[in-house]
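The following questions ask how each term is justified. Each answer sets a value against a definition and draws the conclusion.

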Amino acid sequence: MSPEGSIIPGKPLAILKQYWGYDSFRPLQGAVVDAVLAGQDTLALLPTGGGKSICYQVPALCMGRMCLVVSPLIALMKDQVEHLRERGINARAINSGMSWTEVENTLDSAVLGMIPFLLVSPERLASDAFLGRLPRLPLGLIAVDEAHCISQWGFDFRPSYRNIASIREHHPEVPVLALTASATPEVATDVMDQLQFRKANAIRGGFARPELVLWVSRGEDRMGRLLRILENVPGSAIIYVRDRKGTVRIAHFLQQQGIAAEAYHAGLV
């Protein structure tokens with residue numbers, strides 16, 4: 001990497017300690033990192049909160065080459081970039097809010113090896129600006145976040161994810177790490193096929209979370225019951241609803257009740 005990236009290749013545990021302060025990996029993180037560093041295409045099925053991002057960040061830093069991260073949401077990309085920069089690691093994301101000049105400059109910097117982590121949406125992969133520079137990108141790893149989106153059998157099928165396979169035509173030797181917290185066996189097989197895995201390789205973690213309480217409401221007085229649960233169950237809560245307006249409405253309602261709450265949805269920038 002260039003001086004701007006300031007990344008020196010090293011062993012996984014040394015990198016983990018240097019940038020994250022941890023002495024050891026969580027269960028299965030180490031197995032995924034080892035597989036990626038061995039050059040194996042890998043599908044990592046780890047639960048939410050299981051530390052999937054470290055599975056691509058650590059090996060990429062060990063390689064000392066650029067990691068291209070395909071992510072479906074601007075908010076997710078922004079969060080990853082901020083966390084990496086807090087650790088002194090140069091990372092950039094390309095999103096729809098950037099000007100043409102900003103996009104061009106970012107891609108040119110990537111070609112020059114000045115960006116260890118470049119995050120893009122799957123739609124960006126089909127743009128002329130990206131395709132024109134694709135053969136010259138110094139890739140060491142391709143990470144696909146929310147990889148279930150590539151499967152037509154998944155709950156969140158996103159056709160633009162099919163563009164990812166085109167990267168392999170220019171960089172056939174670069175390993176692909178697909179990451180998801182949700183995939184049936186059928187979806188997992190489809191993901192590996194669509195990403196043109198050279199050999200099927202899925203590492204699946206346990207999804208049992210005894211510390212979590214799950215509540216589904218289909219009855220009347222949902223808001224009243226929600227308040228009672230929040231008052232009686234200690235810890236933080238995540239409330240899933242069907243649309244963006246619902247997240248904003250419920251967050252506002254909770255704020256009126258004196259409960260700290262924020263809405264999080266795909267429209268955030």
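Q: What makes R168 count as buried?
A: Buried means under 20% relative accessible area, exposed means over 50%, and partly exposed lies in between (1.4 Å probe, protein chains only). R168 has a relative accessibility of 6%, so R168 counts as buried. This is a predicted model, in which local features need pLDDT of at least 70, side-chain atom pairs count only at pLDDT 80 or more, and totals for chains, interfaces and linings use all residues. Residues are numbered from 1 along each chain as its sequence is written, and side-chain values use heavy atoms, with hydrogens and water left out.

Q: Why is the contact of R168 with D41 called a salt bridge?
A: A salt bridge is a side-chain nitrogen of Lys or Arg within 4 Å of a carboxyl oxygen of Asp or Glu. Between the side chains of R168 and D41 the N to O distance is 2.9 Å, so the definition is met. D41 also counts as buried, at 3% relative accessibility.

Q: Which parts of the chain does the pair of R168 and D41 tie together?
A: R168 lies in helix α7 (residues 167–170), and D41 lies in the loop between α2 (29–37) and β1 (42–45), so the pair ties together parts that are 127 residues apart in sequence. Helices (H or I, at least four residues) and strands (E, at least two) are DSSP runs, numbered from the N terminus.

Q: How many salt bridges does the structure hold, and are D23 and K17 buried or exposed?
A: The structure holds seven salt bridges. One of them joins D23 and K17, whose closest N and O atoms are 3.1 Å apart. D23 has a relative accessible area of 59% and is therefore exposed, whereas K17, at 43%, is partly exposed.

Q: How do you know that R158 and E123 form a salt bridge?
A: The closest N and O atoms of R158 and E123 are 3.1 Å apart, and this satisfies the cut-off for a salt bridge. The pair links distant parts of the chain, 35 residues apart: R158 is in the loop between β5 (139–144) and α7, and E123 is in the loop between β4 (117–120) and α6 (128–133). E123 is partly exposed, with a relative accessible area of 38%.

Q: What makes strands β2 and β4 a pair?
A: Two strands pair if DSSP finds at least two bridges between them. Four bridges join β2 (residues 66–70) to β4, and the two strands run parallel. In this pairing C67 stands opposite F117.

Q: How do you know that β3 and β4 pair?
A: Strand β3 (residues 91–93) and β4 have three bridges in the parallel sense, which meets the requirement for pairing. R92 stands opposite L118 in β4.

Q: Which way do the side chains of β4 point?
A: F117 and L119 point one way, L118 and V120 point the other way, and all are buried. In a regular strand the side chains alternate between the two faces of the sheet.

Q: Why is a set of residues called a nonpolar core?
A: A nonpolar core is a set of buried Ala, Val, Leu, Ile, Met, Phe, Trp, Tyr and Cys residues joined through side-chain atoms within 4.5 Å. The largest such core here has 38 residues, and L68, L118 and L195 have the most contacts inside it. Apart from this core lies another, of 33 residues, among them F25, Y56, M77 and L84.
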